[in-house]
Each structure stands twice: as C-alpha cells, then as structure tokens.
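I opened a fresh page for this chain and wrote down what I wanted to look up, beginning with the fold as a whole and ending with one pair of packed helices.

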Amino acid sequence: MKQVAVIILNWNGEKLLREYLPSVVEHTPALLADVIVADNGSTDGSVELLRSQFPTVKIMELGENHGFAQGYNLAIERVADTYKYTVLLNSDVRVDDDWLTPLHSFMEANPNAGGAQPKILSATEPERFEYAGAAGGFIDANGYPYCRGRIFDTVETDNGQYDTPQKVFWASGAALMVLNSAYIEAGGLDKEFFAHMEEIDLCWRIQLQGREIWAVPASHVYHLGGGSLPASNPRKTYLNFRNNLLMLHKNLPSSTRAATLLRRRLLDTIAWAKYVVTGDFANAAAIFRAHRDFSRMRTAYSVHPKIDLLHGRNNILFDYYIRARRVYSSLQN
C-alpha cells in the first residue's frame, strides 16, 4: 500500500497546473505516493485539464472554495485512513529528481517527527533560497519568524551551507510533509487565519504534542512564491500582524502570554509609527485593523498550553539590526 498522498490544493489554478504539475507527476515515485489534486470548486477548466491530460492524478472535488486551511483539513481528513503521510504541496512548486523519497525515508527513520520540509529554492532564481521557507524556519522570543537561508529581507545563495538535516521550529506550507495522525491530533490548519502563518501555528501545535519538525535538505524543490500578495500589500500586512498575535495568544501559557503579547504589541506600534512617518498610511491602517481584530478574535481561543516554546529564544531584531547578524550561520557566533 502506498504511504504518501501528495496533495495539491487548487482553486482556478489551471495555468499553474499546466506549468508545474508535469514535474510533480514525472518525479514522484508511483510506488510510494499518489498525486492528488484537491479542487476547491474551480470554474476555470482545471478539473477538465486534469481529466484530459493527467490521467494518473487523482481528483478530489471539494465542491466549493473552502480556502487554503480548511481545504487542506477536508482533504487530509479524507485520506488519513488510507495514507500514513501527506505532503501539502503548493501548485506553484516544481520538482526534479526523486524529491519525495528522502523526506519519506527521514520520517520513517525518525518516528517522533511530526513534519518535515525539503530545501526550498526559488523557481526564478534556482541558485537562491526561496523567501517563504528556505532551509527550515525558526521563531524568536517575540514571535518573529525567520529561516535558515533568509532573515527578513536578506535571502542567501545556496552554496550547500545548510545541507544537513536540522530540527526546526516550523516548516513551510509550500512543501510540507506531515504525519497524518499528528496533523489531525493538532487540529489541522486554523481556518480563522485565512492565509499567512497558518503553517507556523500548525508546527507549533505539533511540537506541543511532543513531536519534532525537521528540514531535510537531501530533498529540494523550487517554489515560485509571491503569487498571492506582494510584500508591500496592506492586506498581507494586515494578515501577518493579526495572525502573529493570534498565534502567540493561542500557543503561549498563562504565565508568559501577557508579557510576550505586550512586548510584541509595542514593537508593532513602532512598525506602525514607521509607516506613518514615511507616509504609508495604507499599511499603517492595516496594522491598526490587525490589532483591533485580534482583540475581537482572541476570545475564541480559551485553551492554552502549559509549556512556553519561546522561552530562551533569541531576539532576531537585535541580532539583525544591532549585531548585524544577517545570515543564519552568523547567529551562532
């Protein structure tokens, strides 16, 4: 029996499927995995394309657009009894060689692993890491995420400097292998996040189960990225700031939650002031709305862990801007 479901969530992504799906079909070992496209009620001909040109790809029709998080939750719920693992694979990811076997072999050899990601390179600049996932993600004491290979706007060239497996705090949702039982036990992706940071939140909750998240660079993929919202878009600013606060609120214990959120909200106020001073009132307003909506939404999260997984972590703002540690390897110095 095949152990892995490679699930690509699709909504009106016919163009991306034409461009990227052929590599996934070609380089995914057929004896190990099934490639499944979970369709969120597309109206652009995606399903017809799959039926006519990709006969080996399984189609899971979800009927309507459930969004990213809930779409994957429904898809994994359907396959969890059949497959041990699922790879959440973005529709704008290109693969080559046998990209899947190293991930599967690592998970099988490390039964405490709840999730793992490959090395993620840029589809447009394949010598460089991709911004959103790079070689595995971390988070600092104030909840700021960064990666091996990318800290803030500094993206490194891949020279093999991060080619060893490493336990990380979060793995990118662009290409994330999960143990299905751990995914379901953790509650899946939080549909209230809508977009941005939902995979960090998931990885946090998987770790609270006592499991581990890993980066496995023996596998590599190429991610287009940036296809939804550009970095300067106020909608993206809003989601990043709101969801970061929600993530901290729901995953920190009562003993440290208030203090951590106070620090983070003060830092967000500085970011807001910077936007105001530079005349970027749209992004300043986005931060204001993010904090307003966080205050309203946080009441839905009443169960909190007893463990603080941020305890003892670094301050990436201090490391990056004061110590001038601009790449991950320099943080160890």
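**Whole chain**

I looked first at contacts in the chain between residues at least 6 apart in sequence, and I noted that 76% of them join residues at least 24 apart. I reminded myself that I am reading a predicted model.

Next I went through the secondary structure, where I found 10 helices and 13 strands in the chain.

For the overall dimensions, I wrote that the C-alpha trace spans about 55 × 45 × 40 Å along its principal axes. I then checked the radius of gyration, which is 19 Å for the chain, and this agrees with the value near 20 Å that a compact globule of 333 residues would have.

I also looked up burial and surface: 54% of the 333 residues count as buried, while the chain exposes about 14600 Å², of which carbon and sulfur atoms supply 54%.

**One helix pair**

I reminded myself that two packed helices are described by the angle between their axes and the distance between the axes.

I chose helix 6, residues 198-208, and helix 7, residues 234-251, which pack at an angle of about 10° with their axes 10 Å apart. Because angles under 35 degrees count as roughly parallel, I entered helix 6 as roughly parallel to helix 7.

Which residues make the contact? From helix 6 I listed Ile200, Asp201, Trp204, Arg205 and Leu208, and from helix 7 Met247, Leu248, Lys250 and Asn251. Sorting the residues of this contact by character, I noted five nonpolar, one polar and three charged.

Definitions and conventions. Residues are numbered from 1 along each chain as its sequence is written. This is a predicted model: local features need pLDDT of at least 70, side-chain atom pairs count only at pLDDT 80 or more; totals for chains, interfaces and linings use all residues. Side-chain values use heavy atoms; hydrogens and water are left out. Axes are lines fitted to C-alpha atoms, for helices over the stretch in contact, and angles run from 0 to 180 degrees between N-to-C directions. Helices (H or I, at least four residues) and strands (E, at least two) are DSSP runs, numbered from the N terminus. Angles under 35 degrees count as roughly parallel, over 145 as roughly antiparallel, 65 to 115 as roughly perpendicular and the rest as oblique. Contact means heavy atoms within 4.5 Å. Ala, Val, Leu, Ile, Met, Phe, Trp, Tyr, Cys and Pro count as nonpolar, Asp, Glu, Lys and Arg as charged, and the others, Gly among them, as polar. The radius of gyration is taken over C-alpha atoms; the globule rule is 2.2 Å times the number of residues to the power 0.38. Buried means under 20% relative accessible area, exposed over 50%, partly exposed in between (1.4 Å probe, protein chains only). Accessible areas come from the Shrake-Rupley method with a 1.4 Å probe; for residues, only the protein chains shown count as cover.
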